[in-house]
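Please open the structure in a viewer and keep the selection tool at hand. The tour proceeds by selections, each followed by a short account of what is there.

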Amino acid sequence: ENSFRPALCNRIDRNTSGIVIAAKNAATLRVMNQKIKDRELKKLYLCILHGILKQKSGTLTGYLRKDSEKNQVTVFASPHPGAKTILTKYRILEETSSYSLAQVDLLTGRTHQIRAHFAWIGHPLLGDTKYGTNRQNRATGHRFQALCAYKLIFEFKTDAEHLNYLNHHEFQIDTE
């Protein structure tokens with residue numbers, strides 16, 4: 001405990017903005033890591049997608065395989081060797097003639113899941129150079145994916161020890 005340094009409990013993709021959780025001591029890190037593992041924290045994201053989705057809300061299902069050497073993932077429609085199930089719940093909040101603002105709830109939390117899943121259905125994130133197309137992004141001037149981890153909701157189902165006071169609280173980035 002005396003040699004503990006503050007540590008991150010969760011991560012977000014490079015060039016993604018938003019909320020991350022840090023622990024100031026070992027006991028908090030242990031509890032938060034368990035709560036994250038047990039999916040007792042809800043993380044919501046905002047993203048801007050290319051195009052207009054026909055379905056204004058729903059849950060996308062797919063199978064994601066990670067290539068660690070390329071730091072890239074591939075999404076498949078059916079089970080595939082080495083691929084894990086992904087579930088991405090979304091709701092369209094606003095639209096323009098070319099873009100959709102979506103709120104996303106990751107029901108599974110896999111590497112690059114939001115970015116790869118929406119690109120796979122033909123609606124890559126604005127500014128995403130890994131899963132989108134440079135042709136689509138070049139005219140916009142966006143150099144990074146339009147993705148923000150904007151809300152965190154504590155939904156403890158089991159004892160959180162000294163962090164019980166956080167239960168049913170939520171933290172949100174001001175989006176105005």
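The stops below cover two pockets, a set of paired strands, a helix and two loop residues. The model is a predicted one.

**First stop: the largest pocket**

Select Arg 11, Asp 13, Arg 110, Thr 111 and His 112, the residues nearest the centre of the largest pocket, whose lining comprises 40 residues. The volume of this pocket is about 1,000 Å³. Next, colour helix H1 (26-37), strand S4 (41-50), strand S5 (57-67), strand S8 (99-106) and helix H2 (113-120), each of which gives two or more residues to the lining of the largest pocket. Of the elements, S4 gives the most, namely 4 residues. Colouring the lining by class shows 17 charged, 12 polar and 11 nonpolar residues.

**Second stop: the second largest pocket**

Move to Ile 21, Ala 22, Met 32, Phe 154 and Leu 166, which lie nearest the centre of the second largest pocket. This pocket holds about 180 Å³ of space, and 13 residues line it. At least two lining residues come from each of strand S3 (22-23), H1 and strand S9 (147-154). What classes of residue make up the lining of the second largest pocket? There are 12 nonpolar residues and 1 polar residue, with no charged residue.

**Third stop: paired strands**

Display S5 together with strand S7 (residues 84-95); the two are antiparallel and are joined over 8 bridges. Within this part of the model, select Leu 64 and find Lys 84 of S7 opposite. Then add S8, which pairs with S7 in the antiparallel sense over 7 bridges. S7 and S8 form a hairpin, with 3 residues between the two strands. To see one of the bridges, select Arg 91 and its partner in S8, Gln 103.

**Fourth stop: helix H2**

Select H2, of whose 8 residues 6 are buried, so this helix is largely enclosed by the rest of the structure. The buried residues are Gln 113, Ile 114, Arg 115, Ala 116, His 117 and Phe 118. Show the surrounding elements as well: the cover over these buried residues includes S4, S5, strand S6 (72-76), S7, S8 and S9. After H2 comes Gly 122, which has a positive phi near 90°.

**Fifth stop: Glu 40**

Select Glu 40 in the loop between H1 and S4. Is Glu 40 buried or exposed? Glu 40 counts as buried because its relative accessible area is 3%, and the cut-off is under 20%. A polar atom of the Glu 40 side chain lies 2.8 Å from the backbone nitrogen of Lys 157. The same side chain also makes a polar contact with the side chain of Thr 158, at 3.1 Å. Beyond its neighbours within four places in sequence, Glu 40 has contacts that include Lys 35, Ile 153 and Phe 156.

**Last stop: Asp 159**

Finish at Asp 159, in the loop between S9 and strand S10 (170-172). Asp 159 is exposed, because its relative accessibility of 55% is over 50%. Its side chain makes a polar contact with the side chain of Asn 164 at 2.6 Å. A polar atom of that Asp 159 side chain lies 3.1 Å from the backbone nitrogen of Glu 161. Apart from residues up to four places away in sequence, Asp 159 touches Lys 35 and Asn 164. For a final distance, select Val 31: its C-alpha is 9.4 Å from that of Asp 159, although the two residues are 128 residues apart in sequence.

Key
Residues numbered from 1 in each chain as written. Predicted model: local features only at pLDDT ≥ 70, side-chain atom pairs only at ≥ 80, totals over all residues. Heavy atoms only, no water. 1 Å grid on protein atoms, 1.4 Å probe; cavity = no way out; pocket = protein on both sides within 12 Å on 5 of 7 lines; lining within 4 Å. Points joined across faces, edges and corners; volume = space filled by probe spheres on them. Nonpolar A, V, L, I, M, F, W, Y, C, P; charged D, E, K, R; others polar. Pairing = 2+ DSSP bridges. Buried < 20%, exposed > 50% of the residue type's maximum accessible area, 1.4 Å probe, protein only. Polar contact = N/O pair within 3.5 Å; in protein donor to acceptor, adjacent residues only side chain to side chain. Contact = heavy atoms within 4.5 Å.
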